[in-house]
Amino acid sequence: MELPFLPEREKKPRETGVTMMMDKGIGVGQVRDLISVAGNFIDFAKLGFGTSLVCGHSKEKVKVYRDAGIKVFVGGTLFEACAIRNMIDEFKRFVTELGVDAVEVSDGSIVMDHDEKCKHIGNFARDFTVLSEVGAKEDDIFIDPDKWAEHMESELDAGSSYVIAEARETGTVGIYKKDGTADISIINDILKKIPSRQILWEAPQKQQQAWFIKLIGANVNLGNIAPVDVIPLETLRLGLRGDTFFEFLPEEYQKYKLKKK
Amino acid sequence: MELPFLPEREKKPRETGVTMMMDKGIGVGQVRDLISVAGNFIDFAKLGFGTSLVCGHSKEKVKVYRDAGIKVFVGGTLFEACAIRNMIDEFKRFVTELGVDAVEVSDGSIVMDHDEKCKHIGNFARDFTVLSEVGAKEDDIFIDPDKWAEHMESELDAGSSYVIAEARETGTVGIYKKDGTADISIINDILKKIPSRQILWEAPQKQQQAWFIKLIGANVNLGNIAPVDVIPLETLRLGLRGDTFFEFLPEEYQKYKLKKK
Amino acid sequence: MELPFLPEREKKPRETGVTMMMDKGIGVGQVRDLISVAGNFIDFAKLGFGTSLVCGHSKEKVKVYRDAGIKVFVGGTLFEACAIRNMIDEFKRFVTELGVDAVEVSDGSIVMDHDEKCKHIGNFARDFTVLSEVGAKEDDIFIDPDKWAEHMESELDAGSSYVIAEARETGTVGIYKKDGTADISIINDILKKIPSRQILWEAPQKQQQAWFIKLIGANVNLGNIAPVDVIPLETLRLGLRGDTFFEFLPEEYQKYKLKKK
């Protein structure tokens, strides 16, 4: 059935409208099962934080993802755990051996000189798709609003394909307030300087996904999506769920909207 | 092991005490796996909102459900997306082709004349089991409390097998307040006029399920149950979980209840 | 890749640092899939509350767990449902037939004389690993803080291998306050008298798991872990996740910690 007024979505491999799924250690069987129904809607799979180091069959899982046209990277926390121990070469051997094609460079848990971060980005960009993350994992960490965009800019210059705006898997830090609502002033500051197609917004909660789709459109890049939310997110992007139902319908349909009291 | 004082449950296919599960796009393998342990406790599977249109292998999945004696319908949001576009015939062809045996007729996102809604119900009732939903998906939509029961009544007359009381998959709108607690006055108004066995209460949260079991009994019809909650709900119905432990035990056992401070 | 400063973890079968997973009725296929990636990090599987009585293929599932070196027991609520009905012999036959090797003795929903509880513990300890639970399932149940440790002590004397500190699957009662934060005074009272290696703390929420790891160390015994959280918990134990990132790093690394505002 072809419904009119559904927004256009690029086919994979696509550069905008990407969905980055967060895999916190699910089984390989579950990954295969999910790909069979939702593989077209997953562009990146992140093996969250240090799970790739402890989870069994990680190598097999990476292959399953890649065979389905899904790029894979390990969570930035593992990069940071290696960086702080001065083990970036070992990290590079580890991810090469694991078979991933992307790398996340982040400083969400540690203090890292920004030039050093950019050097790492440049380094990895020679062999991998690099996603670099801006923002701290803990709340109450002060980040100068100007720094968000400035850092993103220099990280893109250094070789990142996407800059990730931090929210954790909870969606309560970084670009969101503690209650999960968007920090509009930070987000606007970022959008003034960075092209939206190069930003990957972490948006684990449905309200956050809907909020960004309304702000930027169906083809906004969203990340930290739970496996169970991949298909629901795709319906949000298409206006096939209550939250975005009227978003892509022409003016003459808006009269059917329910009125708030 | 046969425990005395467990409430009687009808065997499938049953008309009361039904559980409607919400499938937001899980894999076919997961559906098979779930059915093998919980198939007896699922009466309806809803392919939530517009997921049936984007999810891969939907036809195969519908067959797996139906072979297990589970009726299937697609979320009312897809019906509404078609209705607003004047594509009800296409919708009917789509669900027929998909192989479902039930249809949800709703107006949770759009303004629809109630006579028109009832006409759709009558139309689909010739070929499908119809569930019609009352209540809006967004909060702050004013619905006259009297209208709930009145609409349910005319929808049952028009051909609905069940009327669904809206709560979304969050359980925070419709018959619930924003904090998820029941809106007792609406629920009482409904129960004064509509036989409980024809109402399917959306109750995604455990506290809501327990609340309705205490109000109406083990064989209340409950919907929007997450796949992972199907078995836990069955234990709630039987008094095999803390929340309803004393519900079905005779008076002489009540003395073993823990005292609140 | 071998990272320095990761805390030592005992290999299975281990006595401390155990993880008890809560199975609320997942399919046997999902259990196999999970074990293949996370089997080394699951020491006990609890078939929650009365699910073992209603869930299909429970016997097969128990075998799958046990073949992977995972001890299995049924939720204490089923023990209590049998105890209150004077059916402990039937309960024993049921779990024997089910093939489990452990039993939970609890009084979280019912009033039970503590001597009687200890008699049950001694009884089951002849044939099973016994875990006994202290604490009530409902909030607002007054338990004298002194009783926690006192009861735990006599239950260990009676034959329990571990005493479980109650929190339910929500993590909002017993040793936690309603908002999920730890009730430090109860926990300190317990730790003054009971060796930490004999306590299994129910800690379903990530913040609770991190809190106990910081208090007691990587090898604290934690329970009521959701299947999806087994691998994430292992990374918390190892300092491979933001929340415990600096926990096991030597002093000279602490300068890389982000400063709170």
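Start by selecting Asp23(C) and Ile26(C): the backbone nitrogen of Ile26(C) lies 3.1 Å from a polar atom of the side chain of Asp23(C). Keep in mind as you go that this is a predicted model.

**Stop 1: around Asp23(C)**

Stay with Asp23(C) and colour by secondary structure. Asp23(C) belongs to strand β1 of chain C, which covers residues 19-23. Is Asp23(C) buried or exposed? With a relative accessibility of 1%, Asp23(C) is buried, because the cut-off for that class is under 20%.

Now show the side chain of Lys61(C). The side chains of Asp23(C) and Lys61(C) are joined by a polar contact of 2.9 Å. Lys61(C) is also one of the residues in contact with Asp23(C) once neighbours within four places in sequence are left aside. To see the others, add Val31(C), Lys46(C), Leu47(C), Gly48(C), Thr51(C) and Tyr65(C) to your selection.

**Stop 2: from chain C across to chain B**

Next, display chains C and B together. How many residues of each chain take part in the contact? Chain C brings 40 residues, and chain B answers with 32 residues. Between them, chain C and chain B bury about 3,100 Å², with 67% of that area on carbon and sulfur atoms. Within chain C, pick out Val54(C), Ile84(C) and Arg85(C): these lose the most area to chain B, and together they account for 22% of what that side buries.

Look for polar links next. Between chain C and chain B there are zero salt bridges, but there are seven residue pairs in polar contact, with both residues at pLDDT 80 or more.

Which helices of chain C should you highlight on the side that touches chain B? Try α1 (28-38), α2 (51-54), α4 (76-84) and α5 (88-98), each of which supplies at least two residues of that side. The largest share comes from α4(C), with six residues. Colour this side of chain C by residue class and you should find 18 nonpolar, eleven polar and eleven charged residues.

**Stop 3: a residue inside chain B**

Move into chain B and select Ser132(B), which sits in strand β5, residues 129-134. Ser132(B) has a relative accessible area of 0% and is therefore buried. Show Ser160(B) as well: a polar contact of 2.8 Å joins its side chain to that of Ser132(B).

Ser160(B) is also among the residues in contact with Ser132(B) beyond its neighbours within four places in sequence. The rest of that set is Val105(B), Ile121(B), Glu155(B), Tyr162(B), Val163(B) and Ile164(B). For a sense of distance, draw a line from the C-alpha of Ser132(B) to that of Glu8(B): they are 28 Å apart in space and 124 residues apart in sequence.

**Stop 4: chain A against chain C**

Bring chain A into view beside chain C. Here the contact draws 40 residues from chain A and 32 residues from chain C. The buried area between chain A and chain C is about 3,100 Å², and carbon and sulfur atoms give 67% of it. Select Val54(A), Ile84(A) and Arg85(A), since no other three residues supply more of the area that chain A buries against chain C; their part is 21%.

What about polar links in this interface? Chain A and chain C have zero salt bridges between them and seven residue pairs in polar contact, both residues at pLDDT 80 or more. On the side of chain A that touches chain C, α1 (28-38), α2 (51-54), α4 (76-84) and α5 (88-98) each provide at least two residues. Of these, α4(A) gives the most, with six residues. By class, the residues on this side of chain A are 18 nonpolar, eleven polar and eleven charged.

**Stop 5: the axis**

Finish with all the chains on screen. What turn lays chain A on chain C? A turn of 120° with a shift of 0.0 Å along the axis does it, with an RMSD of 0.0 Å. This is the relation of a three-fold axis. To find the axis from chain A, select Gln30(A), whose C-alpha is the nearest in that chain, 4.4 Å away.

Chain C can likewise be laid on chain B by a turn of 120° and a shift of 0.0 Å along the axis, with an RMSD of 0.0 Å. In chain C, the residue that comes closest to the rotation axis is Gln30(C), at 4.4 Å by its C-alpha.

Methods. Residues numbered from 1 in each chain as written. Chains lettered and ligands numbered in written order. Predicted model: local features only at pLDDT ≥ 70, side-chain atom pairs only at ≥ 80, totals over all residues. Heavy atoms only, no water. Contact = heavy atoms within 4.5 Å. Buried area = accessible area lost by both parts, 1.4 Å probe. Salt bridge = Lys/Arg side-chain N within 4 Å of Asp/Glu carboxyl O. Polar contact = N/O pair within 3.5 Å; in protein donor to acceptor, adjacent residues only side chain to side chain. Helix = DSSP H or I, 4+ residues; strand = E, 2+ residues; numbered from the N terminus. Nonpolar A, V, L, I, M, F, W, Y, C, P; charged D, E, K, R; others polar. Buried < 20%, exposed > 50% of the residue type's maximum accessible area, 1.4 Å probe, protein only. Least-squares fit on C-alpha atoms with pLDDT ≥ 70 in both.
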